[in-house]
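Trainee: Hi, could you walk me through this one slowly? I have the sequence and the model open, and I would like to ask about things as they come up.

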Amino acid sequence: MAVNSRPLPTLPVLPDAAADQVLASGLLPELAYAFGGPFHFLLPDAFDTNLRAMQGALAAAGVDGFVYFAKKANKAALFVERAAAGGAGVDVASVAELREALGHGVRGEHLVVTGPAKDPALLQLAVQHGALVAVDALDELDALVTIALTGQIRPSRILLRVLPPAQPHSRFGLTEAELATALDRCVQAGDAVRMEGFSFHLSGYALQPRADLAARLVELCLKARVQGLEASRISIGGGLPISYTDADSWHTFLAEHKSSHYHAGKTFHTGDFYPYHSPLAGADALAALLATQPEGHEQSLARLVRDAGVLLLLEPGRALLHQAGATVFRVQGVKERDGYQILTVDGTSLSLSEQWFNSEYLPDPILIPQDPDSPEGVFPASVGAATCLESDMLTWRKIPFRCRPRTGDLLVYPNTAGYQMDSNESPFHDLALPPKVVVDRTDEPRPRWRLDRHFT
């Protein structure tokens with residue numbers, strides 16, 4: 001039923017011409033029929049645009065840098081292929097990810113291997129293919145030295161991962177004492193190890209702490225060179241935010257949302273949500289980071305990096321995937337409740353990872369009705385999933401749809417390529433994992449599409 005009470009807050013996504021063309025083309029109902037279940041569609045041009053923008057931000061700041069795509073953000077082969085074609089590398093953390101990257105065109109020396117307590121097989125492959133390894137523990141360093149000495153293939157290329165002082169309880173990184181020991185062992189290892197610099201893993205999206213820690217890594221490089229080590233690069237990880245929505249919509253939502261706006265009175269706190277708007281996002285955030293003056297320094301981070309002759313590495317995931325895809329479900333059931341509906345779709349919230357972090361994926365889903373002449377109004381609805389779990393909700397929030405949702409309609413969750421599509425996917429109930437469809441052309445009446453090679 002239409003509701004005429006105080007309007008529910010909305011969170012519309014930023015304009016995206018390519019996605020809008022796909023929605024208007026009539027392709028999505030055909031694909032939903034063909035696959036018989038939920039699916040994702042991917043937009044390669046968006047990835048290319050984001051990558052070029054980041055490379056441009058480095059060049060504009062006069063910084064020698066290199067971008068690695070964080071593969072964990074999306075399993076699709078497409079984005080690995082686009083990274084290779086665009087002159088970028090790939091950040092991997094497992095044997096399968098490393099093999100996938102090699103198999104889709106990424107050169108071994110353009111891989112960086114991250115993650116804690118790496119599998120010995122992963123370290124072996126990394127050394128064999130000349131990948132850079134972010135060393136997270138002393139025993140990992142010892143293993144890499146042994147591999148290089150016994151295999152006599154090539155030296156182990158390493159970064160030493162630093163424990164952030166601002167996050168002393170992080171499980172990632174080496175303490176000051178461990179760093180000193182690691183540097184001594186690198187010197188002792190001689191040609192078996194190429195100690196190329198330092199890296200860090202830092203939670204959050206604030207620019208100043210990231211600039212401060214990057215400056216500290218530059219200083220560590222200068223000190224390591226005194227010991228005869230190469231120390232020519234630093235990795236600042238990811239942590240570049242993106243904006244899903246505009247500032248007014250985001251701040252209005254935060255000010256107005258309350259438990260009555262959610263199914264079953266579900267309570268979310270403001271801090272539970274990803275920051276769906278950022279005044280500086282993607283490549284603009286990178287440019288601002290490079291222009292930031294680290295604490296205790298009179299120069300920008302870009303100037304510090306240039307003066308030290310340091311190569312700046314970064315490992316963005318979400319920021320490279322902005323507007324690079326969306327997720328499509330079919331409504332397979334509708335229930336009326338007091339003032340709103342509960343829609344049940346043909347997939348699970350395992351395909352929208354925020355729900356599994358006790359949060360909510362907030363951008364408004366887009367309803368594509370089977371009947372284009374459906375009467376307009378305001379029809380609030382929450383969206384449940386197809387499993388037998390009470391908590392399996394794609395959207396707890398009551399979305400004010402502009403026409404009445406009905407069985408057979410499609411729901412499109414926009415801009416889901418960054419982490420949402422598959423970081424928590426599971427074939428629960430033996431439901432098939434949603435396939436990924438690559439839409440190669442969106443500027444034609446009939447978009448060209450194919451299955452992603454990872455799926456095939």
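Trainee: Which residues touch the most other members of the largest nonpolar core?

Mentor: Keep in mind first that this is a predicted model. The largest nonpolar core has 117 residues, and the members that touch the most others are Leu160, Met195 and Phe198. The largest share of this core, nine residues, is supplied by helix 9, which spans residues 207-226.

Trainee: Okay, and what does Met195 touch?

Mentor: Leaving aside residues up to four places away in sequence, Met195 is in contact with Ile158, Leu160, Leu183, Cys186, Ala224, Leu229, Glu230 and Ala231. Leu160, one of these contacts, is also one of the three residues that touch the most other core members.

Trainee: What other core is there?

Mentor: There is a second, separate core of 17 residues, and among its members are Val22, Leu23, Leu31 and Val412.

Trainee: Switching to the sheets now. How many strands make up the closed barrel, and in what order?

Mentor: The barrel has eight strands, running 2-3-4-5-6-7-8-9, and their pairing is parallel. On average, and ignoring direction, neighbouring strands in this sheet are turned by 30 degrees against each other.

Trainee: Can you zoom in on one pair, say strand 5 and strand 6, and tell me how many bridges they have?

Mentor: Strand 5, residues 132-135, pairs with strand 6, residues 156-162, in the parallel sense, and four bridges join them. Within that pair, Val135 stands opposite Leu160 of strand 6, and Leu160 is the core residue we have just met.

Trainee: Which helix lies across those strands?

Mentor: That is helix 7, residues 138-151, which lies across strand 5, strand 6 and strand 7 (193-200), and which runs at about 150 degrees to strand 5.

Trainee: And helix 5, which of its residues are buried?

Mentor: In helix 5, which covers residues 95-103, the buried residues are Val95, Glu97, Leu98, Glu100 and Ala101. The elements covering them include helix 4 (77-85), strand 3 (89-92), strand 4 (111-113) and helix 6 (120-128). Just after helix 5 comes Gly105, with a positive phi of about 100 degrees.

Trainee: Which residues have a positive phi without being glycine?

Mentor: Ala264 is one of them, with a phi of about 60 degrees, and Tyr419 is another, with a phi near 75 degrees. As background, most residues other than glycine have a negative phi.

Trainee: Where do those two sit, and are they buried or exposed?

Mentor: Ala264 lies in the loop between helix 10 (247-256) and helix 11 (283-291), and it counts as exposed because its relative accessibility is 64%, over the 50% cut-off. Tyr419 lies in the loop between strand 15 (410-413) and strand 16 (436-441), and it counts as partly exposed because its value of 22% falls between the limits of 20% and 50%.

Trainee: You mentioned strand 16, so what does it pair with?

Mentor: Strand 16 pairs in the parallel sense with strand 1, residues 39-42, over three bridges, and it is joined by four bridges to strand 17, residues 448-451, which runs antiparallel to it. Val438 is a good residue to look for, since it is the bridge partner of Leu42 and its own bridge partner in strand 17 is Arg450. Strand 16 and strand 17 form a hairpin, with six residues between them.

Trainee: Last topic, the aromatics. How many aromatic pairs are there, and why is the Phe66 and Tyr68 pair called edge-to-face?

Mentor: The structure holds 18 aromatic pairs. The ring centres of Phe66 and Tyr68 are 5.0 Å apart and their planes are at 75 degrees, so the pair is edge-to-face, and both Phe66 and Tyr68 are buried. There is also one aromatic cluster whose members include Tyr205, Tyr244, Trp250, Phe253 and Tyr274.

Trainee: Which charged residues sit over a ring?

Mentor: Arg318 lies over the face of Tyr274, at 4.0 Å from the ring centre, and Tyr274 is one of the cluster members. Elsewhere, the charged end of Lys266 sits over the ring of Trp396, at 4.8 Å from its centre.

Terms used. Residues numbered from 1 in each chain as written. Predicted model: local features only at pLDDT ≥ 70, side-chain atom pairs only at ≥ 80, totals over all residues. Heavy atoms only, no water. Pairing = 2+ DSSP bridges. Axes fitted to C-alpha atoms, helices over the stretch in contact; angles between N-to-C directions. Contact = heavy atoms within 4.5 Å. Core = buried A, V, L, I, M, F, W, Y, C linked by side-chain atoms within 4.5 Å. Buried < 20%, exposed > 50% of the residue type's maximum accessible area, 1.4 Å probe, protein only. Phe/Tyr/Trp six-rings, centres within 6.5 Å; stacked < 30°, edge-to-face > 60°. Lys NZ or Arg CZ within 6 Å of the ring centre and 35° of its normal.
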